[in-house]
Amino acid sequence: MSAALLQVRAVTKRFGGLVAVDDASLDVAAGSITGLIGPNGAGKTTLFAVIAGFEAPSAGRVALLGDDITDTPAHVRAQAGIARTFQIVQPFAGLSVLENIRVGAYLRHRHRAAATASAVAVARAVGLDQMLEKPASTLTVAGRKRLELARALATEPKLLLLDEVLAGLNPSEIRDMIPVIRKVRDDGVSILIVEHVMQAVMQLCDVVYVLAQGRMIAHGAPGVVARDTAVIEAYLGHGAAARMQSQQSIAASVPHA
Amino acid sequence: MNTTGIFPISAVVFVLAALPFGPLSNTMLNFLSFAMIITLAAQGWNILAGLGGQFSFGHAAFFGTGAYAMAVLQMRFGINPWLAFPIAMIAAGAVGFAIGFLSFRARLRGSYFALVTLAFAEVFRILANTWNFTGGAAGVLVPLKSDPTQMQFGDKRWFFWLALACVTGALFVTHALVRSRLGAHLVAVRENEDAARALGVDALAVKLQAITLSASITGAAGCLYVQKFLYLDANLAYGTWISVEALLAPIVGGLGTVLGPLVGTLVLLGLGETSKTVFAKITGGAVPGIDLVVLGVLLIGCVAIAPRGIMGLVRRRAKA
Ligand SMILES: Nc1ncnc2c1ncn2[C@@H]1O[C@H](COP(=O)(O)OP(=O)(O)OP(=O)(O)O)[C@@H](O)[C@H]1O
Ligand SMILES: [Mg+2]
């Protein structure tokens, strides 16, 4: 196997006395959808921030395509091909949907006409093309999540970091979003996705990493990881795995954290 | 965000340019010329604060630098004002860049940035007031020459047209900026700096470009001020009055809109003058400070009723 698109090596991030990420490593293979799951407060968003250049790690390295980018500022990482969404959506509230997406499109297209055309195409791909002129502040939760995705996609990334883009959506909205995400990967964008919605993780991910209290406790194929004793205990507490085994297989239903 | 098209901008400019052909009193012409100077200062502020969201309370630093450079280059170095004008704009832009570099790199935002700009303007005011090179407390006098090659005009209409030409230039610069990549980046930084960085926007570089452009435009207003009044001292050049004028006009006219600073200045100065005359008539004598009272009421009304300024009201009307 060739070197992974993204390599995270032994990253630690401390906030004062709190160790949010503790010696965590992961790889995202080119062309894959890689999942990152873990209970609330496990450090997933913090690890994303380190990968995207929003937080400097206390220790460890991050490399994209073999190049060390640990000290590279966030906007340069975006130019290098890393795009992120925010768990707490961060729309440009005063701007229209089109203007929001166009900011992303300007990264690869200097001229307004080209950036606009590219933004419109992205909007169509994520199903926002009916609301281009609407102010971003008027979008529903589902709309805002799509806008986060669209803006990131408009930068034409190599690696897309999705932080709970399905959270807050109802089941039918989730069903609508899953093919959109899969299509992004099929178009050649590798994805690292943080998600609590296990149904989506199972359907989408090739590999899943599990973070608990900052430590990477397991990784592997989604079906295997979901049966891992350490993983179940991380979510449900000590002794849970034994109790559950006596009940049933839990392949597709690690409960929401 | 809507953008004002070329047509309304051109229409406004043509109407203003035609005014001196009508029966315009000398007072009125002076008023309009002064209004153009304030508009230009406000246009500079609008680029940094209206588009970029970086609220400066010290644009006097740029106005004053432009003004002093214009005066000193003529008086101390014998440089022709037409040449001094662009040099003074560059000087003001350089001061803008320097202040921006120091404060944006230190990640100052919001009220901290406003306070730091205010402090810089005050430091400049005190320096200009004490330094002999700038004429100290006595100020600088530019001799009256009434010669167009000295940027002084026997016919006052020409000064107005010159100032209007500068305002027009700034209108088109702002119009182009709003529709450009830099403009989109600037607005993105205003709306959400983290989101902008995630999309590849170099927030520091964008803010530095904005403050440099903003400062040189406001500096140009300082140049015009010198050529109109032929006198300058530290309180005129670096005083808080111009920082306040430069920010009130766009807020009243419409923050971040192309025509906002112009509309706001005309309304504010117009109301100020009118209220002075009206109250003088009613009470039979001048009422000092009454124009400020009226401005205060207007500002409160503006914030309460039309938070997006007069241009915002116009747009809402146009849509309805
Ligand atoms: N800027 C910060 N300063 C201090 N502590 C922080 C900061 N950011 C995160 N933390 C802490 O780090 C820990 C990990 O937080 P993080 O947001 O990364 O978890 P998460 O796995 O994304 O959780 P969730 O599933 O709830 O989104 C938490 O205890 C959080 O309170
Ligand atoms: Mg999180």
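**Exercise 1. Work out how much of chain B is buried, and how compact the chain is, in this predicted model.**

Start with burial: of the 320 residues in chain B, 51% are buried. A residue gets that label when its relative accessible area is under 20%.

Next, look at what the chain is built from. Chain B has 14 helices and two strands. Its radius of gyration is 19 Å, close to the 20 Å that the globule rule gives for 320 residues, so chain B is as compact as a globular protein of that length.

Now for the outline: the C-alpha trace spans about 55 × 50 × 35 Å along its principal axes.

Last, check how the contacts are spread along the sequence. Take the contacts in chain B between residues at least 6 apart; 79% of these join residues at least 24 apart.

**Exercise 2. Decide whether B:Glu193 is buried or exposed, and find what its side chain pairs with.**

First, place the residue: B:Glu193 sits in helix 8 of chain B, which covers residues 193-198.

Then apply the cut-off. Buried means under 20%, and B:Glu193 has 11% relative accessibility, so it counts as buried.

Now list the company it keeps. Skipping neighbours within four places in sequence, B:Glu193 touches B:Arg109, B:Ala188, B:Ala203 and B:Lys207.

Finally, pick out the polar partner: the side chains of B:Glu193 and B:Lys207 make a polar contact at 3.2 Å.

**Exercise 3. Describe the interface between chain A and chain B, then say which parts of chain A build its side.**

Begin with size. People often quote an interface as the accessible area lost when the parts come together. Here the buried area is about 2,000 Å², and carbon and sulfur atoms give 58% of it. On the chain A side, A:His75, A:Phe92 and A:Tyr106 lose the most area to chain B, together 28% of what that side buries.

Count residues next: 27 come from chain A and 21 from chain B.

Then go through the pairings. There are zero salt bridges between the two chains, but six residue pairs are in polar contact across the interface, counting pairs with both residues at pLDDT 80 or more.

Now sort the chain A side by element. Those giving two or more residues are helix 2 (74-80), strand 6 (82-84), helix 3 (97-105) and helix 5 (141-154). Helix 2 of chain A gives the most, with four residues.

To finish, split that side by residue type: 13 nonpolar, nine polar and five charged.

Note on methods:
Residues numbered from 1 in each chain as written. Chains lettered and ligands numbered in written order. Predicted model: local features only at pLDDT ≥ 70, side-chain atom pairs only at ≥ 80, totals over all residues. Heavy atoms only, no water. Contact = heavy atoms within 4.5 Å. Buried area = accessible area lost by both parts, 1.4 Å probe. Salt bridge = Lys/Arg side-chain N within 4 Å of Asp/Glu carboxyl O. Polar contact = N/O pair within 3.5 Å; in protein donor to acceptor, adjacent residues only side chain to side chain. Nonpolar A, V, L, I, M, F, W, Y, C, P; charged D, E, K, R; others polar. Rg over C-alpha atoms; globule rule 2.2 N^0.38 Å. Buried < 20%, exposed > 50% of the residue type's maximum accessible area, 1.4 Å probe, protein only.
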